[in-house]
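Welcome! Please open the structure in your viewer and keep the selection tool handy, because we are going to walk through it stop by stop.

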Amino acid sequence: MRKWAGTLLALWVIAVALIVGFFYSQGSADLRGQDRQPIAFSHQRHAGELQINCLFCHRGADISPAASIPPVYVCMMCHRSLKAQTPETQKLLTYWNNKEPIPWVRLQRLPEFVRFTHQMHLNAGFKCTDCHGQVAQMTSTPRAATFEMGWCIRCHQRNGASKDCFTCHY
Ligand code: HEC
Ligand code: HEC
Ligand code: HEC
Ligand code: HEC
Ligand code: HEC
């Protein structure tokens, strides 16, 4: 009996891990936010199939506190000369022709009282995927992790980084 219980428990743990892993690889179990994006932009298409480097669009990531979302002209470097149009690329052209910025919805943002920069983490050798998940496979806005205090601290603990309150709080 005990042996069977152990096997069942092991199977259960594996099943839960698979389910959690699936949602993690999908970005998040919560995909409501994509509905609010003005254009259905796909990282899977651009960073995955077309293999555009993350830093080509998120130019600030290794040099300034904000990774930044690309302005319309970065999109138009390619889309100006792409012949095939879809309803979604039409929206892009409309913003460009009207000289309007695309009102992307920022889904994740740390509170003001938290100190964080990309630079120090990238310098320490981390990759985008360590914190944002497999973005190149995501068709909607990346949301791999919830940026909670425990998430930061667990990784700091694993890597021997500071857990002092004033490291992350002003
Ligand atoms: C062709 C330009 C482009 C490339 C290449 C690109 N991104 Fe993005 N990224 C965007 C745009 C536009 C948004 C805003 C729309 C959205 O969230 O889908 C965005 C949003 C994000 C966000 C979400 C910000 C938030 O919380 O709302 C993350 C994280 C991100 N990108 C990471 C990456 C990573 C990692 C890569 C490389 C694997 C990458 N991006 C490649 C254009 C790009
Ligand atoms: C150590 C974890 C970590 C790594 C590594 C990381 N990010 Fe982030 N990223 C975050 C956190 C946390 C935020 C939220 C920051 C905030 O709200 O100030 C964020 C926010 C963003 C955003 C939202 C917009 C902005 O201006 O900040 C984008 C885009 C982004 N990251 C892209 C990237 C790219 C591209 C890489 C790889 C070059 C990367 N990130 C690597 C943790 C990370
Ligand atoms: C390096 C070139 C390049 C850049 C930069 C780029 N794109 Fe694209 N984009 C493409 C190509 C190529 C396609 C695929 C066209 C096709 O499938 O016929 C595409 C497809 C698309 C589509 C259509 C997807 C669909 O199936 O309807 C949208 C929407 C889009 N891009 C938006 C953007 C936005 C917004 C930006 C800027 C944040 C951007 N692109 C930046 C090259 C680029
Ligand atoms: C993937 C692992 C990882 C995650 C997730 C992570 N960090 Fe870090 N962080 C590190 C490591 C490792 C260092 C030490 C880098 C070094 O010393 O070069 C560091 C350094 C820092 C520093 C600089 C400390 C100093 O000495 O100046 C701050 C501030 C910081 N992290 C804040 C955060 C916050 C806030 C979050 C969550 C939103 C976070 N980190 C998430 C791994 C991580
Ligand atoms: C590695 C980074 C890091 C360290 C170290 C850290 N915090 Fe935080 N803390 C955060 C982040 C990120 C948030 C924001 C979480 C969120 O928005 O859900 C936060 C939020 C908080 C909050 C607000 C809680 C809430 O629910 O809004 C308090 C209070 C707090 N931290 C206290 C502390 C104290 C006290 C220490 C030292 C024992 C500490 N923190 C150490 C990253 C850190």
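What follows is a short tour that tells you what to select and what to look for at each stop.

**Stop 1: the whole chain**

Begin by showing the chain as a cartoon, and keep in mind that this is a predicted model. You should find nine helices and zero strands. Read from the N terminus, the elements go α-α-α-α-α-α-α-α-α. The chain has 170 residues, and 9% of them are buried. Now think about which parts of the chain touch: among contacts between residues at least 6 apart in sequence, 67% join residues at least 24 apart.

**Stop 2: colour by confidence**

Next, colour the chain by pLDDT. The mean over the chain is 83, and 79% of the residues reach 70 or more. Which helix has the lowest confidence, and which the highest? The lowest is α1, residues 2-25, with a mean of 46, while α2 is highest at 97. Select residues 13-33 as well: the pLDDT there is below 50, and beyond near neighbours in sequence this stretch has 21 contacts in the model. Treat that region with care as you look around.

**Stop 3: a loop residue, Gln51**

Select residues 43-57 to see α2 (43-49), α3 (54-57) and the loop between them, where Gln51 is found. The phi of Gln51 is near 55 degrees, a positive value in a residue other than glycine. Is Gln51 buried or exposed? Gln51 is exposed, because 8 other C-beta atoms lie within 10 Å, and a residue counts as exposed at 12 or fewer.

**Stop 4: ligand 2**

Now select ligand 2 and the residues around it. There are 21 of them, and Cys54, Ala66, Ala67, Cys128 and Cys131 come nearest. Helices α3, α6 and α7 are the elements that give two or more residues to this shell. The largest share, four residues, comes from α7. Colour the shell around ligand 2 by class and you will have 13 nonpolar, six polar and two charged residues.

**Stop 5: His132 in α7**

Stay with α7 and pick out His132, which is found in this helix. His132 counts as partly exposed because it has 18 C-beta neighbours inside 10 Å. Leaving aside neighbours within four places in sequence, His132 is in contact with Pro142 and Ala144. Try a distance label too: the C-alpha atoms of His132 and Arg143 are separated by 6.6 Å, and these two residues are eleven apart along the chain.

**Stop 6: Gln90 and Lys99**

Move to helix α5, where Gln90 has its place. Gln90 counts as exposed, since 10 C-beta neighbours fall inside 10 Å. Draw a line from the C-alpha atom of Gln90 to that of Ile39: they are separated by 9.6 Å, although the residues are 51 apart along the chain.

Then follow the chain past α5 (87-97) into the loop that leads to α6, where Lys99 lies. Like Gln51 at Stop 3, Lys99 is worth a look for its backbone. Lys99 is not a glycine, yet its phi is positive, at about 55 degrees. With 7 other C-beta atoms within 10 Å, Lys99 is exposed.

**Stop 7: ligand 4**

Select ligand 4 and its surroundings. Among the 21 residues around ligand 4, the nearest are Ala124, Cys152, Cys155, Asn159 and Ala161. Helices α6 (118-123), α7 (128-132), α8 and α9 each supply at least two residues of this shell. Which helix gives the most to the shell around ligand 4? That is α8, with four residues. The shell around ligand 4 divides into 13 nonpolar, six polar and two charged residues.

**Stop 8: α8 and ligand 5**

Highlight α8 on its own. Of its ten residues, the number buried is zero, so α8 lies largely in the open. Just after α8 comes Gly160, with a positive phi near 65 degrees.

Finish by selecting ligand 5. It has 14 residues around it, of which Glu148, Met149, Cys152, Cys165 and Cys168 come nearest. Both α8 (149-158) and α9 (165-168) supply at least two residues of this shell, and α8 gives the most, with four residues. By class, the shell around ligand 5 has nine nonpolar, three polar and two charged residues.

Note on methods
Residues are numbered from 1 along each chain as its sequence is written. Chains are lettered from A and ligands numbered from 1 in the order in which they are written. This is a predicted model: local features need pLDDT of at least 70, side-chain atom pairs count only at pLDDT 80 or more; totals for chains, interfaces and linings use all residues. A residue is near a molecule or strand if its C-beta atom, placed from the backbone, lies within 6 Å of it. Ala, Val, Leu, Ile, Met, Phe, Trp, Tyr, Cys and Pro count as nonpolar, Asp, Glu, Lys and Arg as charged, and the others, Gly among them, as polar. A residue is buried if 20 or more other C-beta atoms lie within 10 Å of its own, exposed if 12 or fewer, and partly exposed in between; C-beta atoms are placed from the backbone. Two residues are in contact if their C-beta atoms, placed from the backbone, lie within 7 Å. pLDDT is the predictor's confidence in each residue, from 0 to 100.
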